[in-house]
Amino acid sequence: MKAKVVKYLEKLQLRPTVMPAGASCNLSCKYCYCHNIRQSSPTLMKRSVLEATIRKFVEVYPRFISFCWHGGEPLMRGLQFFEDAYRIEMKMKVSPDQIIENRMQTNATLVDSNCAEFLKSHDFKIGVSIDGPQWLNDLHRVDASGKESFKSAMKGIDNLRKLDIPFSAIFTITKGATGYAENLYRFMIEENFTSSHFNPCFGENPFAINPMEYAHFMNTLFDLWFEKDNAVFSIGFFDDILRWLLGGTPSVCHLRNGCYRHVKVDYNGDLVPCDTFLGENFVFGNILRQDLSEIVTDKPYQLFTQAVTTPPKNCLDCKWLLLCHGGCSRYSFKGNLERYPNTMCEARKAMFSHIASVVDSKLIQRSV
């Protein structure tokens, strides 16, 4: 591999999201964008794809590499798959000092005691999808027969808690949830969810949230969270904005212009953009047939990177450009590389402005 390409890959520090069961899931959440990409035939990742994925990323990043196991529901692939994956990681480590991190996004309904013990023993970082208390969660998070999922999810969460496995709670805010910021905040506190994220429901479905409704929800939630000022409870989006306001660097991709770093490895080895990017026919390459050096220097990836890192002209004079960078790409592209005005633009401005105003007021009060 040429030295120039090696440096380019080091600078990219790709963050692979691996889909061991493709978009397959034991739930059938009414708003899930995966409905559009699920296939009738099984979509289970073969061992050859797993080995090629781990080997090629581990070799390129000898100091640190983080694999995020995602779906659909990754545990649909079975615990044995992840036991094999961990053994392959250990076998392919390039040095004793290399750090290989594993993260998993799950609905927790398949997290039994054996699964929890495995996740604990191998230090997996866990994100759990849950939409709030039972009456709200079970409006949309159901299985294919319509059976509610809350109790099963909480049982899985209890299995994590028994072993003191930390996790982040991932809430999807639908149109029906916008008026319940206080209920969701209370649920977060009562369940001791010390790390939480509140994402807008997006896509072409009747549950998708209006951007300004989402901004109002988040501003209400911020006021509740900021007023309590309890450092135990983290809300990722708010933490990142406060960090930026105080001179730091946000961690989430859509606040640091990092879309191009997040690549999805599908069950068949195809490398495509982040799974929330609602584009079609964006295949950068295939991990079985190509090395990463070839994929990232080839035309599809290069054109995509150029498109998502170039802010629209209307953003260049915006006071929030260095925080927003033109917004998350999922709201700017519609199946091709033609960039449209970001549909979350005004909502993000409303959230940034509100949070900055509240923080400024608090700092003034403390200085008096």
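Is His 325 buried, exposed or partly exposed? Keep that in mind while you load the model, which is a predicted one; the tour comes back to His 325 at the end, but here is the short reply: with 21% relative accessibility, His 325 counts as partly exposed.

**Stop 1: the sheet**

Start by showing the strands. You should find an open sheet of ten strands with mixed pairing, and its order reads 7-6-5-4-3-2-1-8-9-10. Colour strand 7 (234-235) and strand 10 (285-286) next, as these are the edge strands, each pairing on one side only. Now zoom in on strand 7 and its partner, strand 6 (residues 195-200): the two run parallel and are paired over two bridges. To see one of the residue pairs, select Ser 196 and look across to Ile 235 in strand 7, its bridge partner.

**Stop 2: the nonpolar core**

Select Phe 57, Trp 69 and Phe 198. In the largest nonpolar core, which has 98 residues, these three touch the most other members. Add helix 8 (residues 211-228) to the view: with eight residues, helix 8 gives the most to this core.

Then centre on Phe 57 and show what surrounds this side chain. Leaving aside residues up to four places away in sequence, Phe 57 touches Leu 14, Pro 16, Ile 65 and Phe 67, together with Val 263, Val 265, Ile 287 and Leu 292.

**Stop 3: helix 4**

Move to helix 4 (residues 113-121) and pick out its buried residues, Cys 115, Ala 116, Phe 118 and Leu 119. Turn the view to look down the axis: the buried residues of helix 4 fall within an arc of 160 degrees, so they line one face of the helix. Among the elements covering them are helix 3 (79-92), strand 3 (99-106), strand 4 (125-129) and helix 6 (150-162).

Both ends of the helix deserve a look. At the N-terminal end, Asp 112 acts as a cap, with a side-chain oxygen 3.2 Å from the backbone nitrogen of Asn 114. After helix 4 comes Asp 123, which has a positive phi near 55 degrees.

**Stop 4: helix 7**

Helix 7 (residues 181-190) is next, with Ala 181, Leu 184, Tyr 185, Phe 187 and Met 188 as its buried residues. Look down this axis too: the buried residues of helix 7 lie within an arc of 160 degrees, so they line one face of the helix. To see what they pack against, show helix 5 (134-137), helix 6, strand 5 (167-173), strand 6, helix 8 and strand 7. Following helix 7 is Asn 192, and its phi is positive, near 55 degrees.

**Stop 5: helix 11**

Which residues of helix 11 (residues 299-309) are buried? Select Tyr 301, Phe 304, Thr 305, Ala 307 and Val 308 to see them. Viewed down the axis of helix 11, they fall within an arc of 165 degrees, so they line one face of the helix. The face turned away from that buried side carries the exposed residues Lys 299 and Gln 306. Covering the buried residues are elements that include helix 1 (3-12), strand 8 (262-265), strand 9 (270-273) and helix 10 (292-297).

**Stop 6: the cysteines**

How many disulfides does the structure hold? Zero. Select Cys 68, which is in no disulfide; the nearest cysteine sulfur belongs to Cys 274 and is 9.8 Å away. Cys 68 is buried, with a relative accessible area of 9%. Now select Cys 318, also in no disulfide; here the nearest cysteine sulfur is that of Cys 345, 6.4 Å away. Cys 318, at 23% relative accessibility, counts as partly exposed.

**Stop 7: backbone details in the loops**

Go to Gly 71 and Gly 72, which are joined by a cis peptide bond with omega of about 20 degrees. Gly 72 sits in the loop between strand 2 (64-69) and helix 3.

Continue to Asp 164, in the loop between helix 6 and strand 5. This residue is not a glycine, yet its phi is positive, near 55 degrees. Asp 164 counts as exposed, at 61% relative accessibility.

Finish where the tour began, at His 325. Look for this residue in the loop between helix 12 (321-324) and helix 13 (345-367). His 325 has a positive phi of about 55 degrees, although it is not a glycine. At 21% relative accessibility His 325 counts as partly exposed, because buried means under 20%.

Definitions and conventions:
Residues are numbered from 1 along each chain as its sequence is written. This is a predicted model: local features need pLDDT of at least 70, side-chain atom pairs count only at pLDDT 80 or more; totals for chains, interfaces and linings use all residues. Side-chain values use heavy atoms; hydrogens and water are left out. A disulfide is a pair of cysteine sulfur atoms within 2.5 Å. Buried means under 20% relative accessible area, exposed over 50%, partly exposed in between (1.4 Å probe, protein chains only). Two strands pair if DSSP finds at least two bridges between them. Helices (H or I, at least four residues) and strands (E, at least two) are DSSP runs, numbered from the N terminus. A nonpolar core is a set of buried Ala, Val, Leu, Ile, Met, Phe, Trp, Tyr and Cys residues joined through side-chain atoms within 4.5 Å. Contact means heavy atoms within 4.5 Å. The arc is that of the directions from the helix axis to the C-beta atoms. A polar contact is a pair of N or O atoms within 3.5 Å; within protein, one must be able to donate a hydrogen and the other to accept it, and residues adjacent in sequence count only if both atoms are side-chain atoms.
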